[in-house]
Amino acid sequence: MELRDRLALLADAAKYDVSCSSSGSRRGRQAGGIGNAHYAGICHSWAADGRCISLLKILMTNSCIYDCEYCVNRRSHDTPRAMLSVEEIVHVTMAFYRRNYIEGLFLSSGIIRSPDYTSELLLRTARLLREREKFGGYIHMKAIPGTDPKILEELGRYVDRMSVNMELPSESSLKLLAPQKSRSAILSPMKFIRDRLQENREERRRSRKVPAFVPAGQTTQLIVGASGESDRQILHLTEALYQRASLKRVYYSAYVPVMQGKHLPVIARPPLLRENRLYQADWLLRFYQFTADELLPPSSPDFDPELDPKACWAMRHRELFPVEVNRAPYEMLLRIPGIGRRSAWRILNFRRYGDLSMDSLQRTGLVWKRARHFLTVRGRYYGSGDTLSLRTELVSEKAGQALREMSLFEGQV
Amino acid sequence: MIYRYDGTFPGFLCAVYEAYQDGTSHTEGICTAMAPGGLFSSEKEVRTASDRAERVAQAFFADCGRQAFRQLFRAFLAEEPGREDVLFRYIRNGFRLKKALYAHHMEAWAWTVWQWAGKTGAEAEKLLGLVRFSELSEGLLFAEIAPTHDVLPLMAGHFQRRLAGESWAIYDARRHRAVYWDRKELLLAEVPERLQILSYSGEEAAMRRLWQTYYDHIAVQERTNPVLRRSYMPKKYWRYLTEMNRD
């Protein structure tokens with residue numbers, strides 16, 4: 001097969017991995033080399049599905065010894081198989097990077113022969129890029145479960161980010177859909193990376209000469225809608241991953257029904273709305289000081305399709321509102337629907353120079369339509385206090401319509 | 001008095017310099033040489049001199065701080081109509097308020113400046129990703145852009161750091177200007193003639209096709225969402241994107 005056809009095939013095979021970011025690394029350019037990392041990450045293009053393209057995201061090969069039911073690359077799937085050589089990957093990465101098409105490489109692979117053998121190939125690619133090509137751009141690679149920690153350790157010194165995909169949120173669905181994998185096999189490289197990150201931080205505190213290990217941290221991905229977990233279960237797992245495995249990000253991938261299998265749900269369209277709600281909640285966990293239990297208490301284990309998680313929380317806690325914008329602490333400002341991190345920060349900033357008026361409040365960029373129901377400005381309340389009409393106000397016309405359209409297609413047939 | 005300057009940032013600072021020399025109470029406005037004049041006001045051509053511009057810049061920087069100066073520069077690059085008067089007012093208030101300028105940034109006269117600065121900054125950041133270099137036969141990497149705001153000066157440093165070992169040029173087709181890096185020095189030059197292209201390197205066509213193929217295949221069909229794509233990557237940028245132009 002020609003290079004172009006193989007690249008097409010291996011991009012197709014990689015696209016269900018949703019991780020896209022190129023952030024979190026401050027790697028500088030090597031002397032005489034090319035490329036550096038941009039701490040905030042840079043998006044280079046947006047594909048027809050509206051998702052950003054930052055890294056060259058491909059599989060080394062889509063051949064695999066495993067037979068996970070949800071995966072397009074499973075062994076029993078009758079599909080053409082291809083492989084890119086290490087040199088080919090290096091060449092394409094460098095050529096794309098020079099032209100500013102990409103921010104770096106995100107390399108994953110189906111497992112050929114053994115996890116160790118596959119990881120060795122990834123390692124060789126990373127080493128060639130860094131040492132021969134003196135490439136300073138972003139590299140994200142998969143830590144393949146079952147790989148010898150020694151190889152992971154070495155790989156970690158060349159890449160910026162590593163990820164181990166959990167894919168299925170519970171042990172039972174893993175047994176059902178990926179019987180060759182076990183939860184502990186997935187968790188062990190994750191734990192290894194976490195421990196090494198901590199050690200490395202200590203070592204580097206003592207001497208800056210110690211090379212950085214995975215400076216942009218590790219991430220994972222969960223498939224949403226291929227198995228029966230509730231949103232609450234998924235969000236609790238996410239919280240545990242952030243707190244105990246110190247992950248940088250958890251990505252959610254709405255299950256796209258490309259495969260058929262006896263244990264897979266039959267759905268007409270990927271559950272995009274559910275995925276969106278999970279991302280919203282994920283942000284609330286990471287940046288808004290919410291806990292999973294607050295967002296999804298046992299009494300409501302799934303997200304409200306009409307209302308975002310923050311508005312839902314606020315509706316359940318009407319007794320805390322309205323709050324006075326000129327007095328409320330930062331943590332409370334963050335909890336007001338319609339106020340985000342940036343507007344909360346601006347409110348604090350403006351407040352240093354006196355009380356906010358309606359005018360200056362508008363300049364903080366808050367969404368007045370939503371926020372007005374939950375706050376007072378200089379003691380005055382501008383919202384509507386009655387619960388029922390409030391709910392209708394918060395469900396935006398557009399969202400409501402989109403939801404009705406979506407629910408026609410979505411969900412189990 | 002109306003001050004006419006050459007449309008550049010140093011030129012603008014020189015106009016400010018002269019306005020202060022003459023006493024700001026006599027200032028009726030600052031505008032570019034092309035702008036229509038007032039019927040009864042007297043006018044003055046401002047000579048752009050880097051030492052004068054430098055003095056104003058230094059003074060403003062020292063009085064109001066780094067961020068205030070940065071906002072001033074970026075707001076100027078936004079090229080919004082009427083920018084001279086808004087920015088002149090910003091500078092005057094700055095010299096009066098000094099470091100306390102920041103405390104007033106939510107007031108209407110300063111807020112406009114912040115908003116403009118934000119627009120320029122956002123476009124520069126977006127274009128860092130959307131610039132597409134083509135490799136010419138002599139090895140030069142060449143890119144063309146047509147940004148809404150004058151972001152070229154804000155972008156050059158990024159590519160200088162990243163592609164220090166390459167020679168490259170970015171051409172702003174709207175302002176007929178280019179930055180050029182020859183592996184040692186950064187050059188900003190007026191390029192009045194539209195550039196004639198030029199011969200590409202042997203690998204160029206193949207790499208473009210390869211990128212286009214990749215672009216097509218990385219999208220998940222079931223999630224096609226043209227509105228979302230346009231909101232991140234507005235159509236005005238498509239003209240110079242390799243993946244959006246097929247030959």
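**Exercise 1. Classify the packing of α3(B) against α5(B), and list the residues that meet.**

Step 1. Helix α3 (residues 66–77) of chain B and α5(B) pack at about 70°, and their axes are 7 Å apart. Axes here are lines fitted to C-alpha atoms, for helices over the stretch in contact, and angles run from 0 to 180 degrees between N-to-C directions. Helices (H or I, at least four residues) and strands (E, at least two) are DSSP runs, numbered from the N terminus.

Step 2. Angles under 35 degrees count as roughly parallel, over 145 as roughly antiparallel, 65 to 115 as roughly perpendicular, and the rest as oblique. The two helices α3(B) and α5(B) are therefore roughly perpendicular to each other.

Step 3. From α3(B) come Gln71(B), Leu72(B), Arg74(B), Ala75(B) and Leu77(B); they meet Val113(B), Trp114(B), Trp116(B), Ala117(B), Thr120(B) and Gly121(B) of α5(B). Two residues are in contact if their C-beta atoms, placed from the backbone, lie within 7 Å.

Step 4. By class, the residues of this contact are seven nonpolar, three polar and one charged. Ala, Val, Leu, Ile, Met, Phe, Trp, Tyr, Cys and Pro count as nonpolar, Asp, Glu, Lys and Arg as charged, and the others, Gly among them, as polar.

A note on the model and numbering: this is a predicted model, in which local features need pLDDT of at least 70 and side-chain atom pairs count only at pLDDT 80 or more, while totals for chains, interfaces and linings use all residues. Residues are numbered from 1 along each chain as its sequence is written, and chains are lettered from A and ligands numbered from 1 in the order in which they are written.

**Exercise 2. Describe the surroundings of strand β6 (residues 168–172) of chain B.**

Step 1. Start with burial. Five of the five residues of β6(B) are buried, so the strand is largely enclosed by the rest of the structure. A residue is buried if 20 or more other C-beta atoms lie within 10 Å of its own, exposed if 12 or fewer, and partly exposed in between, with C-beta atoms placed from the backbone.

Step 2. Sort the side chains. In a regular strand the side chains alternate between the two faces of the sheet. Trp168(B), Ile170(B) and Asp172(B) point one way from β6(B), whereas Ala169(B) and Tyr171(B) point the other way.

Step 3. Find the partners. Strand β5 (residues 141–145) of chain B runs parallel to β6(B) and is joined to it by five bridges; two strands pair if DSSP finds at least two bridges between them. Phe142(B) has Ala169(B) as its bridge partner. Strand β7 (residues 177–181) of chain B pairs with β6(B) in the antiparallel sense, over five bridges, and Ala169(B) stands opposite Tyr180(B) there.

Step 4. Look at the connections. β6(B) and β7(B) form a hairpin with four residues between them, and His176(B) in the turn has a positive phi of about 50°.

**Exercise 3. Lay out the sheet of three strands in chain B.**

Step 1. The order of this open sheet is β2-β1-β3 (chain B), with parallel pairing. At the edges stand β2 (29–32) and β3 (43–45) of chain B, each with a single partner strand, so one side of each is left without a neighbour in the sheet.

Step 2. On average, neighbouring strands of this sheet are turned by 25° against each other, direction ignored. Strand β1 (residues 2–5) of chain B is joined to β2(B) by four bridges, and Arg4(B) has Cys31(B) as its bridge partner.

Step 3. Helix α1 (residues 9–22) of chain B packs on the sheet and touches β1, β2 and β3 of chain B; its direction makes about 155° with that of β1(B).

**Exercise 4. Is Gly225(A) buried or exposed, and with which residues is Gly225(A) in contact?**

Step 1. Gly225(A) lies in the loop between β7 (218–224) and α7 (231–244) of chain A.

Step 2. Gly225(A) is buried, because 24 other C-beta atoms lie within 10 Å.

Step 3. Leaving aside neighbours within four places in sequence, Gly225(A) is in contact with Ala254(A), Tyr255(A), Pro265(A), Ile267(A), Pro270(A), Pro271(A) and Arg274(A).

**Exercise 5. Describe the side of chain B that touches chain A.**

Step 1. The contact takes 38 residues from chain A and 37 residues from chain B.

Step 2. α7(B) gives the most to the chain B side, with nine residues.

Step 3. By class, this side of chain B has 21 nonpolar, six polar and ten charged residues.
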